[in-house]
Amino acid sequence: MKDKIYECEVKRQYLIDGQRVWRWKRTPVAEVLRGEEIRCHECKGKVRHHKKRVSHGPKDHVEHYTRQDSEQCPLGFYSR
């Protein structure tokens, strides 16, 4: 199941010591909300979000935007 990555990192805002801070958090793809900024948890590359559309189709996952990112990431489809 290479390049069907079921976890990613989501940029979320947290309140730490009274300060609002943006941090990356590793999250299952099924819990990602629309409009959130996401990236690959392994290579930190840009990914696109794919939702499950039909009951017999693949579950929610992400895949790399570019072939170059996919080639350089251990989770990528084109990884060597």
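Strands S1 and S2 form a hairpin in which 2 residues lie between them, and Asp17 in this turn has a positive phi of about 50 degrees. The structure is a predicted model, in which local features need pLDDT of at least 70 and side-chain atom pairs count only at pLDDT 80 or more, while totals for chains, interfaces and linings use all residues. Residues are numbered from 1 along each chain as its sequence is written, and side-chain values use heavy atoms, with hydrogens and water left out.

**Hairpin and sheet**

The hairpin strands S1 (residues 7-16) and S2 run antiparallel and are joined by 10 bridges; two strands are taken as paired if DSSP finds at least two bridges between them. Among these bridges, Ile16 has Gln19 as its partner in S2, and Tyr14 has Val21. The hairpin belongs to an open sheet of 3 strands with the order S2-S1-S3 and antiparallel pairing. Strand S2 (19-28) and strand S3 (38-39) stand at the edges with a single partner strand each, so one side of each is left without a neighbour in the sheet.

**The chain as a whole**

The protein chain has 1 helix and 5 strands, arranged along the sequence in the pattern β-β-β-β-β-α; helices (H or I, at least four residues) and strands (E, at least two) are DSSP runs numbered from the N terminus. Its C-alpha trace spans about 45 × 30 × 15 Å along the principal axes. Of the 80 residues, 28% are buried, where buried means under 20% relative accessible area, exposed over 50%, and partly exposed in between (1.4 Å probe, protein chains only). The accessible surface of the protein chain comes to about 6,000 Å², and 47% of this belongs to carbon and sulfur atoms; the areas come from the Shrake-Rupley method with a 1.4 Å probe. Of the contacts in the protein chain with a separation of 6 or more, 42% are between residues 24 or more positions apart, a contact being heavy atoms within 4.5 Å.

**Selected residues**

The table gives the location and relative accessibility of four residues.

| Residue | Location | Relative accessibility |
|---|---|---|
| Arg39 | strand S3 | 19%, buried |
| Thr27 | strand S2 | 2%, buried |
| Asp17 | loop between S1 and S2 | 76%, exposed |
| Lys44 | loop between S3 and strand S4 (47-50) | 42%, partly exposed |

The side chain of Arg39 makes a polar contact of 2.6 Å with the side chain of Glu9; a polar contact is a pair of N or O atoms within 3.5 Å, of which, within protein, one must be able to donate a hydrogen and the other to accept it, and residues adjacent in sequence count only if both atoms are side-chain atoms. When residues up to four places away in sequence are not counted, Arg39 touches Cys8, Glu9, Trp24, Lys44, Gly45 and Val47. With the same exclusion of residues up to four places away in sequence, Thr27 touches Glu7, Cys8, Val10 and Arg12.

The two loop residues in the table can also be described by their backbone angles. Most residues other than glycine have a negative phi. Asp17, a residue other than glycine, has a positive phi near 50 degrees, and Lys44, also a residue other than glycine, has a positive phi near 70 degrees.
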